[in-house]
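This report looks at how several helices of one protein chain are built and how they meet one another. Please keep the sequence and the structure at hand while reading.

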Amino acid sequence: MNSDSLHHAIDRLDDILERLTAPDGCPWDSTQTPESLTEYLIEECYELVDAIRSGNDKEMTKELGDVMFLTMFIGKLLQKQYGRGLKEALDSESDKMIRRHPHVFGQVSYEDRESQLKDWERIKREEQSEEDTRPQQPKKVYDSLPSGLPPLTKAYRIHSKADKVGFTWTEDEEVEQQVESEWLELLDAMASGDEKAIEHEFGDHLFSLVELGRRKGIKAAPALDQANRRFLNRFAKMEDLAYAKGLDFPSLSLDEKDELWNEVKQTEKTE
């Protein structure tokens, strides 16, 4: 795709949005606000992520279009309400990316990827300090952490930022020991029957597992999403297998269901 065709597609969608939001446009679209569109945007972002993880390129394109529509819709509403919209947002993002990549757009060089990421965080903190003119304490490490992130993603970001300022375990073995320690504390809590303590230790165990995964190059949220998909796929195959054998799946005993489950897993290995 050349830039002219991309610009044409963006201009076309912009014209459609202009018509939809006109006083004589769509009754629904013309009454929307940036706030009213937030839940739709979150929903469409999740659908885009789901399409990407599924590997379905047609669904990816469709869902990307939905996200772009809502992004441009919000941009148009912001432009009308505040005089600053999508153009200003894109210009600001372009300036930011150039600023944060001095090794690409400037003369800076880094020894390794870790050095580059640490400098990225430094530049971000400097930007935030310059933008906030209120008299206050210097910006803190987690000031830029979005409060609304899903918990697993937030835990990953917390560990990542802690690592960038040198507040983490030195060796992976230490993290493995921490995971084991948190597991033992969870077992103790479960043995005590204290529900609050169980929830507390369960959270600590998850938090330490997220860090272990991060150090191994694994993001907890997509890893869990893949595990969910595997389970759902196997469960559906297990139900299909029961149906093919003339069995009523819900009425089967746990042992009988386990046999079907193992049969499905063995088929996957063979495939």
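The model shown here is predicted, and a convenient place to begin is a single residue, Lys 161, which lies in helix H7. Its relative accessibility is 5%, and because buried means under 20%, Lys 161 counts as buried. Leaving aside residues up to four places away in sequence, Lys 161 touches Glu 121, Lys 124, Val 141, Tyr 142, Ser 144 and Leu 145. Its C-alpha atom is separated by 41 Å from that of Glu 18, and these two residues are 143 residues apart along the chain.

**Helices H7 and H9**

Helix H7, the home of Lys 161, runs over residues 151-164, and at 1.5 Å a residue its 14 residues should span 20 Å, which agrees with the 20 Å between its end C-alpha atoms. Besides Lys 161, the buried residues of H7 include Ala 155, Tyr 156, His 159, Ser 160, Ala 162 and Lys 164. Just after H7, the backbone at Gly 166 takes a positive phi of about 75°.

The same check of length can be made for helix H9, which covers residues 195-215: its 21 residues should span 30 Å at 1.5 Å a residue, and the end C-alpha atoms are 31 Å apart, which agrees. Buried in H9 are Glu 201, His 205, Ser 208, Val 210, Glu 211, Leu 212, Gly 213, Arg 214 and Arg 215, and the buried residues of H9 pack against H7, H10 and helix H8 (172-192).

Is Glu 199, which also has its place in H9, buried or exposed? With a relative accessibility of 60%, Glu 199 counts as exposed, because exposed means over 50%. The C-alpha atoms of Glu 199 and Gln 177 are separated by 21 Å, and the two residues are 22 residues apart along the chain.

**Where helices cross**

Two packed helices are described by the angle between their axes and the distance between the axes. The table gives these values for three pairs.

| Helix pair | Axes come within | Axes cross at roughly |
|---|---|---|
| H1 (residues 3-20) and H3 (residues 57-82) | 10 Å | 60° |
| H2 (residues 38-54) and H10 (residues 220-244) | 12 Å | 70° |
| H7 and H10 | 8 Å | 145° |

For the pair in the top row, the axes of H1 and H3 cross at roughly 60°, and that makes H1 oblique to H3. The crossing of H1 and H3 is right-handed. On the H1 side, Ile 10, Leu 13, Asp 14, Leu 17, Glu 18 and Leu 20 meet Phe 69, Met 72, Phe 73, Lys 76 and Lys 80 on the H3 side. Sorted by class, this contact of H1 with H3 has seven nonpolar and four charged residues, and no polar ones.

Turning to H2 and H10, whose axes cross at roughly 70°, the two helices are therefore roughly perpendicular to each other. H2 passes H10 in a right-handed crossing. The residues that make this contact are Asp 50, Arg 53 and Ser 54 from H2, together with Ala 221, Pro 222, Asp 225 and Arg 229 from H10. They divide into two nonpolar, one polar and four charged residues.

The remaining pair in the table is H7 and H10, with axes that come within 8 Å. Here Leu 152, Thr 153 and Tyr 156 of H7 meet Ala 220, Ala 221 and Leu 224 of H10. The contact of H7 with H10 divides into five nonpolar residues, one polar residue and no charged residue.

**A residue in helix H11**

The last residue to consider is Glu 268, which lies in helix H11, residues 254-270. How exposed is Glu 268? Its relative accessible area is 23%, so Glu 268 is partly exposed. Not counting residues up to four places away in sequence, Glu 268 touches Asn 233, Arg 234 and Lys 237. One of these, Arg 234, is 34 residues apart from Glu 268 in sequence, and the two are 9.0 Å apart in space, C-alpha to C-alpha.

Notes. Residues are numbered from 1 along each chain as its sequence is written. This is a predicted model: local features need pLDDT of at least 70, side-chain atom pairs count only at pLDDT 80 or more; totals for chains, interfaces and linings use all residues. Side-chain values use heavy atoms; hydrogens and water are left out. Helices (H or I, at least four residues) and strands (E, at least two) are DSSP runs, numbered from the N terminus. The expected span of a helix is 1.5 Å times one less than its number of residues. Buried means under 20% relative accessible area, exposed over 50%, partly exposed in between (1.4 Å probe, protein chains only). Contact means heavy atoms within 4.5 Å. Axes are lines fitted to C-alpha atoms, for helices over the stretch in contact, and angles run from 0 to 180 degrees between N-to-C directions. Angles under 35 degrees count as roughly parallel, over 145 as roughly antiparallel, 65 to 115 as roughly perpendicular and the rest as oblique. A crossing is left-handed if the near helix is turned anticlockwise from the far one by less than a right angle, and right-handed if clockwise. Ala, Val, Leu, Ile, Met, Phe, Trp, Tyr, Cys and Pro count as nonpolar, Asp, Glu, Lys and Arg as charged, and the others, Gly among them, as polar.
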